[in-house]
Amino acid sequence: MAGEPQEDCLFCKIVAGTVPATIVRQTDTTIAFRDINPQAPTHVLIIPRAHHENAAALAAADPALTADVLREAQAVADEEKLDSYRLVFNTGSGAGQTVWHVHGHVLGGRGLDWPPG
């Protein structure tokens with residue numbers, strides 16, 4: 001069920017504290033942590049504590065929580081002193097989503113070409 005922790009979800013396990021992560025920010029509704037395979041000097045993932053499969057599902061189910069995730073992206077960028085950054089939400093396996101718990105990637109600290117590859 002949407003919002004409920006999933007036993008087989010890596011990010012739900014990070015929320016529960018049973019899988020370690022390098023956490024950079026926490027709020028009542030979100031957790032931000034460093035990506036284990038960074039694609040830029042700053043690569044931080046922001047997740048809601050509640051389980052939602054992807055960005056579209058989160059937006060449909062809980063617009064306020066969606067806004068919390070986006071606010072935290074800016075807070076991470078501010079703390080990391082990023083003048084500019086890219087925020088990416090992969091939705092579906094064809095787009096590169098490998099963990100089925102919505103997460104935004106905050107990428108910065110280097111030039112980011114367009115279009116992304």
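Lys-81 lies in the loop between helix H3 (63–79) and S4. In this predicted model, the phi angle of Lys-81 is near 60 degrees, a positive value in a residue other than glycine. Most residues other than glycine have a negative phi, and most peptide bonds are trans. With a relative accessibility of 72%, Lys-81 counts as exposed, because the threshold for that class is over 50%. A second backbone feature is found at Pro-115, in the segment after S5. The peptide bond that leads from Trp-114 to Pro-115 is cis, and its omega is near 0 degrees.

The position annotated in UniProt was examined next. The unreviewed UniProt entry carries an "active site" annotation that covers His-103. This residue, His-103, is found in the loop between strand S4 (85–88) and strand S5 (104–108). His-103 has a relative accessible area of 8% and is therefore buried, the limit for that class being under 20%. The side chain of His-103 reaches the backbone oxygen of His-101 at a distance of 2.7 Å. When neighbours within four places in sequence are left aside, His-103 is in contact with Phe-11, Leu-45, Ile-46, Ile-47, Val-88, Phe-89 and Gln-97.

Gln-97, one of these contacts of His-103, is also placed in the loop between S4 and S5. At 3% relative accessibility, Gln-97 counts as buried. Two backbone atoms are reached by the side chain of Gln-97. The backbone nitrogen of Gly-92 is reached at 2.9 Å, and the backbone oxygen of Val-99 lies 3.1 Å from a polar atom of the Gln-97 side chain. Not counting residues up to four places away in sequence, Gln-97 touches Glu-53, Asn-54, Asn-90, Thr-91 and Gly-92, as well as His-103.

Val-99, whose backbone oxygen takes part in the pairing with Gln-97, lies in the loop between S4 and S5 too. The relative accessible area of Val-99 is 16%, so this residue is buried under the 20% limit. Beyond residues up to four places away in sequence, Val-99 touches Leu-10 and Phe-11. Phe-11 is likewise among the contacts of His-103. Val-99 and Asn-54 are 45 residues apart along the chain, and their C-alpha atoms are separated by 9.2 Å. Asn-54 is also one of the residues touched by Gln-97.

The pockets of the model were then considered. The largest pocket has a volume of about 730 Å³. Its lining is made up of 30 residues, and those closest to the centre of the pocket are Asp-35, Gln-39, His-43, Asn-90 and His-105. Two or more lining residues are given by each of helix H1 (10–16), strand S2 (30–34), strand S3 (42–48), S4 and S5. The largest share, three residues, comes from H1. By residue class, the lining of the largest pocket divides into 15 nonpolar, ten polar and five charged residues. Asn-90, one of the residues closest to the pocket centre, is also touched by Gln-97.

Arg-25 is placed in strand S1 (residues 23–26). At 22% relative accessibility, Arg-25 counts as partly exposed, because this value falls between the 20% limit for buried residues and the 50% limit for exposed ones. The side chain of Arg-25 makes a polar contact of 2.5 Å with the side chain of Glu-72. Glu-72 also appears among the contacts of Arg-25 when neighbours within four places in sequence are left aside; the others are Ile-31, Ala-32, Ala-75, Val-76 and Glu-79. Arg-25 and Ile-46 are 21 residues apart in sequence, with a C-alpha to C-alpha distance of 8.8 Å. Ile-46 is in turn one of the residues in contact with His-103.

Ile-36 is placed in the loop between S2 and S3. Its relative accessibility is 86%, over the 50% limit, so Ile-36 counts as exposed. Along the chain, Ile-36 and Gly-109 are 73 residues apart, and the separation of their C-alpha atoms is 16 Å.

Technical notes. Residues numbered from 1 in each chain as written. Predicted model: local features only at pLDDT ≥ 70, side-chain atom pairs only at ≥ 80, totals over all residues. Heavy atoms only, no water. Helix = DSSP H or I, 4+ residues; strand = E, 2+ residues; numbered from the N terminus. Buried < 20%, exposed > 50% of the residue type's maximum accessible area, 1.4 Å probe, protein only. Contact = heavy atoms within 4.5 Å. Polar contact = N/O pair within 3.5 Å; in protein donor to acceptor, adjacent residues only side chain to side chain. UniProt positions renumbered as here; feature names shortened; annotations may be inferred. 1 Å grid on protein atoms, 1.4 Å probe; cavity = no way out; pocket = protein on both sides within 12 Å on 5 of 7 lines; lining within 4 Å. Points joined across faces, edges and corners; volume = space filled by probe spheres on them. Nonpolar A, V, L, I, M, F, W, Y, C, P; charged D, E, K, R; others polar.
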